[in-house]
Amino acid sequence: MRKLFTIDDFIVAGISGIGYGLGFKIPAILGYEEWQCGLICLVVGFALDKLANAVVFSRAVQSSTANRIIIFLAYILIGLAIQDVFISWKDISIDDYAMQGYAYLVVPAILGFAFSMALRQYRIRKIRQHYSNGSGVYVFDELLEKKELLAELNQQNKQIHGVYDTELAVKTKSGIFVGDKVKDSLFFCGIPYAKPPVGKLRWKAPEPLPESDEVFEAKYLGASAIQVDYDGSPLKYFRQSEDCLYLNICTGNKKMTKKKPVVVIFHHGDFSYGGSADPILYGGKLAKIYSDSVFVTFNYRIGILGFIDFSEVSGGENYPDALNLGLLDQIAALKWIKENISAFGGDPDNITVMGFESGALSIFLLTACEQARGLFQKAFVFNGSPFSAYETPEISKELVQQPRWRNL
């Protein structure tokens, strides 16, 4: 993104220049009026520009410099061959042809190239304004300096007493949740899938929620897990809490009676940051493309609140599950989904889990976990390895030897 143009852009410009030149001179040779030649020139040049872009920037051509040179020479030879056919057919002097076609070969190509670069610069500027300034992965500092936007992002769901929109309400075992409609998608955000892991439940395995008929809003994302602050992460603007066991459901179809495939997305973040509030995990775009599916994202405990080993400190025996709480949270979320997703139009027997980085690693571990058996049928993972988890117990044991843990 830092480079406005490359040598490949010059190659494309040269090829499109051939198109502009041929697009004018050949119709002129055939007897078309000048305005018609100009129109054909623009159409042919633009079409060849698009074709050249597709070919030059294709994976096969970009795989080697030799391929790029071959493609460029092939275009030139084809252009010269076409010119030679028409020059011979009309018995035109090559010198006269070259002089007359010079302006139509060079000037439109230069103008077209300049327009393409200006358009690219505009798009780069817009992307940087919204997503990144080049120093981090996601930088929303300027956008999120607006207090109104921060307040809107950090609203919390409330219990509803009285009338509510029954068309957007879904009854689950743990309550009735009233979602929100955004364009063609239905969102149910901030739904708790386990009791808050706070107070006496801190560093304890997640406990299931009691059955309930109470009605709650499901319009706003639940709090992210307590995490480290990374520069460029949009989650540093979103509220964080130990009470973080929430999930979000998005579907692109009004009808929630059909059994649709379910995709559960595990967030990334090296088990130290991340959450379902990350814009990467926004379900609206997925639901728009795959309207016959149900998408679920969720938070789980991370860092020392999700993965810490107290086995070698005094009092540590009271926290036998502390080492793998993040994974136990994931299992609890999958159990809730299995039991309740049919109310949202999902098929509990057709659940696919998907993740990358620490999300992928989580899925690797769950496939070997007896407690997760039957909670999902398919998995899609990338950029993750189960071997990267081997050092976690040792690191945890070293960490809890510090004086801060002696009064546990």
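**A guided first look**

Student: Let's start with one residue: what is the place of Phe271?

Tutor: Keep in mind that this is a predicted model. The element before Asp270's stretch is β7, residues 260-266, and the one after it is α8, residues 283-289. Phe271 has its place in the loop between β7 and α8.

Student: Is Phe271 buried or exposed?

Tutor: The backbone of Phe271 has a positive phi of about 60°, although this residue is not a glycine. For the side of cover, look at its relative accessibility, which is 18%. Buried means under 20%, so Phe271 counts as buried.

Student: And Asp270, is that one buried or exposed?

Tutor: Asp270 is placed in the loop between β7 and α8, and its phi is near 55°, a positive value in a residue other than glycine. Its relative accessibility is 51%. The cut-off for exposed is over 50%, so Asp270 counts as exposed.

Student: Could we turn to the sheet with β1, β2 and β5? Which are its edge strands?

Tutor: Happily! The three strands form an open sheet in the order β1-β2-β5, with mixed pairing. An edge strand here pairs on one side only, and that holds for residues 169-172 and residues 215-217. The edge strands are therefore β1 and β5.

Student: By what angle are neighbouring strands of this sheet turned against each other on average?

Tutor: Strands of a sheet pair through backbone hydrogen bonds, either parallel or antiparallel. The angle here ignores direction, and its average over neighbouring strands of this sheet is 25°.

Student: Which residue of β5 stands opposite Val178?

Tutor: Strand β2 covers residues 175-178, so Val178 falls within the range of β2. Three bridges join β2 to β5, and these two strands run parallel. Opposite Val178, in β5, stands Glu217.

Student: Now to the surface. What is the area of the nonpolar patch that includes Trp35?

Tutor: Trp35 lies in helix α2, which spans residues 34-56. With a relative accessible area of 56%, Trp35 is exposed. Together with Leu39 and Val43, Trp35 makes a nonpolar surface patch of about 350 Å².

Student: Why does Gly306 count as buried?

Tutor: Gly306 is found in the loop between β8 (294-298) and α9 (325-340). Not counting residues up to four places away in sequence, Gly306 touches Arg301, Ala322, Leu323, Asn324, Leu325 and Gly326. Gly306 counts as buried because its relative accessibility is 0%.

Student: How far is the C-alpha atom of Gly306 from that of Ala225?

Tutor: Along the chain, Gly306 and Ala225 are 81 residues apart. In space, their C-alpha atoms are separated by 9.2 Å.

Student: Which elements do the buried residues of α10 pack against?

Tutor: Helix α10, residues 358-367, is mostly covered, with seven of its ten residues buried. Among the buried ones are Gly359, Leu361, Ile363 and Leu366. The buried residues of α10 pack against β7, α9, β9 and β10.

Student: To finish with the whole protein, what share of the accessible surface belongs to carbon and sulfur atoms?

Tutor: The protein has eleven helices and ten strands, and 42% of its 408 residues count as buried. Its accessible surface comes to about 22900 Å². Of that surface, the share belonging to carbon and sulfur atoms is 58%.

Definitions and conventions:
Residues numbered from 1 in each chain as written. Predicted model: local features only at pLDDT ≥ 70, side-chain atom pairs only at ≥ 80, totals over all residues. Heavy atoms only, no water. Pairing = 2+ DSSP bridges. Helix = DSSP H or I, 4+ residues; strand = E, 2+ residues; numbered from the N terminus. Axes fitted to C-alpha atoms, helices over the stretch in contact; angles between N-to-C directions. Buried < 20%, exposed > 50% of the residue type's maximum accessible area, 1.4 Å probe, protein only. Patch = residues over 30% accessible without salt bridge, like charges linked within 9 Å, V, L, I, M, F, W, Y side chains within 5 Å. Areas by Shrake-Rupley, 256 points an atom, 1.4 Å probe, with all protein chains shown as cover. Salt bridge = Lys/Arg side-chain N within 4 Å of Asp/Glu carboxyl O. Contact = heavy atoms within 4.5 Å.
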